[in-house]
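Some questions about how the words used for this fold are earned. Each reply sets a value against its cut-off.

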Amino acid sequence: MIYELRKPSKVEPNKTYPAIFVLHGMGSNEQNMLTLVDGMEDRFYIFSVRGHLSQPPGFAYFTIQGYGKPHREVFDHAIGQLASFIDYAAEHYPLDQGHFYLLGFSQGAIASMTLGLTLGNRIKGIVALSGYIPGFVKEEYTINPVNQLSMFISHGEFDNVLPYEWGVESNKFFKGLDAQVTFQAYPEGHTVSLKNQQDFTKWILDDLNQ
């Protein structure tokens, strides 16, 4: 997969680094999300991953057949590809595999939460901004233990693309699996405000130090 890498300016030999895998929204690209993690490359290896499907003006990880319903075959393939990319990064870069984070917006949040469920405690933390968990993932996917997983789920109260209630449902679902969830609502639409960015940045850094 095509990706943009940010890393500390001075990488110390024989040291491993925590990693953030950044997943964009539909029609976006690997560059657009980097502003949300600006400055965090001092501490992390950051992999901003481009969706493999063309979705003008940008790209997508999967296609949609209806409201809140991804095409199952395309979605399954995307999750497999993204999981394989995490394996690839772990093999080729000096990463601390106990501190992998996923950060996604909209379609990227959907993929991030699904990866959290399938990879389980292999992931340390997830920031899911304005997403949801597809029904077939909840009902048919093999879900691994997430009792060691930390979550930051946020959603705009006036989101007219993916309803706020879907964020509430994601919070409830992960809490029901004993994940450690922080849920934040913001008085906004389908976007990421500065306050939201400040909150999840602090959350990641606090979680890293626990």
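Q: What makes the lining of the largest pocket free of charged residues in the count by class?
A: In this predicted model, the lining of the largest pocket divides into 12 nonpolar, 10 polar and no charged residues. Charged here means Asp, Glu, Lys or Arg, and Gly counts as polar.

Q: Which residues lie nearest the centre of the largest pocket, and how many residues line it?
A: The lining has 22 residues, and Gly25, Met26, Ser106, Gln107 and His190 lie nearest the centre. The space in this pocket is about 360 Å³. Strand E6 (64-66) and helix H2 (107-119) each supply at least two residues of its lining.

Q: What makes the other space a cavity, and how many cavities of 30 Å³ or more are there?
A: In a cavity, a 1.4 Å probe fits but cannot get out, whereas a pocket is open. The structure holds 1 cavity of 30 Å³ or more. The volume of the largest cavity is about 30 Å³.

Q: Which residues line the largest cavity, and what is their class?
A: The lining is made of Phe21, Leu23, Val49, Leu82, Phe85, Ile86, Leu102 and Leu115. Strand E2 (17-23) and helix H1 (72-92) are the elements that give two or more residues to this lining. H1 has the largest share, with 3 residues. By class, the lining of the largest cavity has 8 nonpolar, no polar and no charged residues.

Q: How do you know whether Val127 is buried or exposed?
A: Buried means under 20% relative accessible area. Val127 has 1% relative accessibility, so Val127 counts as buried. Val127 is in strand E9 (residues 125-129). Leaving out residues up to four places away in sequence, Val127 touches Leu102, Leu103, Gly104, Phe152, Phe200, Trp203 and Ile204. One of these, Leu102, also lines the largest cavity.

Q: How many residues apart along the chain are Val127 and Val22, and what separates their C-alpha atoms?
A: Val127 and Val22 are 105 residues apart along the chain, and their C-alpha atoms are separated by 9.4 Å.

Q: Why is the protein chain called as compact as a globular protein of its length?
A: The protein chain has 5 helices and 11 strands. Its radius of gyration is 16 Å, and the globule rule gives 17 Å for 210 residues; the two values are close, so the chain is as compact as a globular protein of that length. Buried residues make up 52% of the 210 residues. Of the contacts with a separation of 6 or more, 76% are between residues 24 or more positions apart.

Q: What makes phi notable in Ser130 and Asp178?
A: Phi of Ser130 is near 60°, a positive value in a residue other than glycine. Asp178 is not a glycine either, and its phi is positive, about 70°. Ser130 lies in the loop between E9 and helix H3 (135-140). Asp178 lies in the loop between helix H4 (164-176) and strand E11 (180-186).

Q: Why are Ser130 and Asp178 put in their accessibility classes, buried or exposed?
A: Ser130 has 2% relative accessibility, under the 20% limit, so Ser130 counts as buried. Asp178 has 51%, over the 50% limit, so Asp178 counts as exposed.

Q: Which kind of peptide bond joins Pro56 and Pro57?
A: The bond is cis, with omega about 10°. Pro57 is in the loop between strand E4 (53-55) and strand E5 (58-60).

Technical notes
Residues are numbered from 1 along each chain as its sequence is written. This is a predicted model: local features need pLDDT of at least 70, side-chain atom pairs count only at pLDDT 80 or more; totals for chains, interfaces and linings use all residues. Side-chain values use heavy atoms; hydrogens and water are left out. On a 1 Å grid over the protein atoms alone, a cavity is a set of points where a 1.4 Å probe fits but cannot get out, and a pocket is an open set with protein on both sides within 12 Å along at least five of seven lines; lining residues have an atom within 4 Å of a point. Grid points are joined across faces, edges and corners, and a volume is the space filled by probe spheres set on the points. Helices (H or I, at least four residues) and strands (E, at least two) are DSSP runs, numbered from the N terminus. The radius of gyration is taken over C-alpha atoms; the globule rule is 2.2 Å times the number of residues to the power 0.38. Buried means under 20% relative accessible area, exposed over 50%, partly exposed in between (1.4 Å probe, protein chains only). Contact means heavy atoms within 4.5 Å.
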